[in-house]
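Here is a short set of exercises to work through with the structure open beside you. Try each task before reading the solution.

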Amino acid sequence: MIKASIDLQELRRRIYIKAKSEPNWRFWGLYTHVCKTETLEEAYRLAKENNGAPGIDGITFEDIEQSGVEEFLQNIQEELTTQTYQPMPNRKKEIPKSGGKVRTLGIPTIRDRVVQGALKLILEPIFEADFQDGSYGYRPRRMAHEAVDRVSVAILQNKTMVVDLDLKAYFDNIRHHILLNKVAERISDDKIMRLLKQILKVSGKKGVPQGGVISPLLANLYLNEVDRMLEKAKEATREGKYTHIEYARFADDLVVLVDGNQRWVGLFQKAYERLTEELSKLEVEVNAEKTRLVDLVRDESFGFLGFEFRRIRGRNGKWRSLKTPKIKKRTEILQDLKVTFHRHRSQQVGMLIAKINSALRGWVNYFRIGNSSKCFSYIKDWVERKVRRHLMKARGRLGFGWKRWSKDWLYRTLGLYGDYQIRYYQPVKKALPAR
């Protein structure tokens, strides 16, 4: 197998520094790095870490481990170096959404996940150097909580006119020719471009599959020009350290906030017009039914990353940002828990509690940075009642067993998840990342 001349992490760091220092540089000679042993091994490690269902060939990680990972990666490497590699079709899987709709995932085979992962490892530092501060989705060392906090701070700064943008089937409608042109602005490597075209072609004439390893990077690149436009608008309105416009984007979820002062009403209208112009160039369709122009001063609200935002006056008389879990998100977690209770109705309570705790822990940890006390109280009470009912049914009785089991017993002895404490997000100053 081809040996890496320098450490993969060091290579990525050098690529990032070069891309950051020379924004117009077009990179060449990258394909050989995609084919290297270390790159493929790291891509496999990351794919296995994410686990996931098998692709259309039905091959699992267990199958690969049994027959030998080294041979598996050698075969991929040979196909890449001889340019005989052909990706397989993605396996389609429908995920239910609210309103009876579904989201279709395109799940690549593990072999194709490794190839996409290797390509992403080499391309990511280049485009990371070009991405803007307001973009948070699927980026290294960036979290949804940071985007939520950015919006909260903007509201505190009186940015109360909001464009709550919804893009119609964004991932499914990305135009390949536009995307490839954007990649070519930074990449001058025919073999890389050929490999990328092969990966895109598998998903059809347009779109990138939700479920593909490299899809989030490409989706961010596609909208990077929109982010740049918004950054320019911020700078154009700057007065000292303050600006009169802010934005936050997480993949295709985008909000733009403008100063609520009457003199900035024109900016608000222009921001919306410029947004639609830029998206039109990309042939991205705005969902007119779900896109809203919101005025927080009029006690209106908007949703972003699962939270419902509004502006309220605090006890000290000052305005503050209120962010609560959306009712839809509360309904979703309760529905998931109902399914868990039903599936484990005849199993040992320990197994049921483990499943419940896992679901609750992830959901609560995400929403605990908001004003979630009322929502948490509702969920905690609901779960406790369901557990009590489950215990009583196991004994062939009705009721909730209020006298039989105390709260302390449920949480300490039985081990039911009970950490519903609010912990507001605390921004952390980050050093320059080693890419």
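**Exercise 1. Two backbone angles**

Is Ala169 buried, partly exposed or exposed, and what is its relative accessible area? Then find where Ala169 sits, and do the same for Gln83.

Solution. Keep in mind throughout that this is a predicted model.

- Step 1: Ala169 has a relative accessible area of 37%. Buried would need a value under 20% and exposed one over 50%, so Ala169 is partly exposed.
- Step 2: Ala169 belongs to the loop between strand 3 (159-166) and helix 8.
- Step 3: The phi angle of Ala169 is near 45 degrees, which is positive although the residue is not glycine.
- Step 4: Gln83 is found in the loop between helix 5 (69-81) and strand 1. Its phi is near 55 degrees, again a positive value in a residue other than glycine.
- Step 5: With 28% relative accessibility, Gln83 counts as partly exposed.

**Exercise 2. A salt bridge across the chain**

Find the partner of Asp130 in a salt bridge, and say which parts of the chain the pair links.

Solution. A general point helps here: side chains of opposite charge can pair when their charged atoms come close.

- Step 1: The partner is Arg186, and the closest N and O atoms of the two residues are 2.9 Å apart.
- Step 2: This pair joins distant parts of the chain, with the two positions 56 residues apart in numbering. Asp130 is in the loop between helix 6 and helix 7 (144-156), while Arg186 is in the loop between helix 8 (176-184) and helix 9 (190-201).
- Step 3: Check the surroundings: Asp130 and Arg186 are both buried.

**Exercise 3. Salt bridges elsewhere**

How many salt bridges does a search of the whole structure find? Work through some further cases, starting with Arg385.

Solution.

- Step 1: The search of the whole structure gives 33 salt bridges.
- Step 2: Arg385 pairs with Asp381, their closest N and O atoms being 3.3 Å apart. The two residues share helix 15 (residues 373-394) and are 4 residues apart, about one turn of the helix.
- Step 3: Arg385 is partly exposed at 35% relative accessibility, and Asp381 is partly exposed at 38%.
- Step 4: Arg298 and Asp295 also meet through their side chains, at 3.5 Å from N to O. Arg298 is exposed, because its relative accessible area is 64% and the cut-off is over 50%.
- Step 5: Finally, look for a network: salt bridges link Arg274, Glu277, Glu278 and Lys281.

**Exercise 4. Glutamates and a phenylalanine under cover**

Is Glu384 buried or exposed? Answer the same for Glu124 and Phe341, then list their contacts beyond four places in sequence.

Solution.

- Step 1: Glu384 has a relative accessible area of 2%, so it is buried. This residue lies in helix 15 and touches Trp402, Lys407, Leu410 and Tyr411.
- Step 2: For a sense of distance, the C-alpha atoms of Glu384 and Leu296 are separated by 36 Å, the two being 88 residues apart along the chain.
- Step 3: Glu124, in helix 6 (residues 110-128), is buried at 9% relative accessible area. Its contacts are Arg12, Pro140 and Leu217.
- Step 4: Phe341, in helix 13 (residues 327-343), is buried too, with a value of 7%. Phe341 is in contact with Leu352, Ile356, Trp382, Val383, Lys386 and Val387.
- Step 5: One of these contacts, Leu352, is 11 residues from Phe341 along the chain, and their C-alpha atoms are 7.0 Å apart.

**Exercise 5. Positive charge at the surface**

Which residues gather in a patch of positive charge on the surface? Place Lys101, then turn to Arg263.

Solution.

- Step 1: The patch is formed by Lys101, Arg103, Lys290 and Lys328.
- Step 2: Lys101 occupies the loop between strand 1 (91-96) and strand 2 (102-107). At 48% relative accessible area, Lys101 is partly exposed.
- Step 3: Arg263 sits in the loop between strand 5 (253-259) and helix 12 (265-281). Its 54% relative accessibility makes Arg263 exposed.
- Step 4: Setting aside neighbours within four places in sequence, Arg263 is in contact with Glu239 and His244.

Conventions. Residues numbered from 1 in each chain as written. Predicted model: local features only at pLDDT ≥ 70, side-chain atom pairs only at ≥ 80, totals over all residues. Heavy atoms only, no water. Patch = residues over 30% accessible without salt bridge, like charges linked within 9 Å, V, L, I, M, F, W, Y side chains within 5 Å. Areas by Shrake-Rupley, 256 points an atom, 1.4 Å probe, with all protein chains shown as cover. Salt bridge = Lys/Arg side-chain N within 4 Å of Asp/Glu carboxyl O. Lys, Arg positive; Asp, Glu negative; His and termini not counted. Charge placed at Lys NZ, Arg CZ, Asp CG, Glu CD. Buried < 20%, exposed > 50% of the residue type's maximum accessible area, 1.4 Å probe, protein only. Contact = heavy atoms within 4.5 Å.
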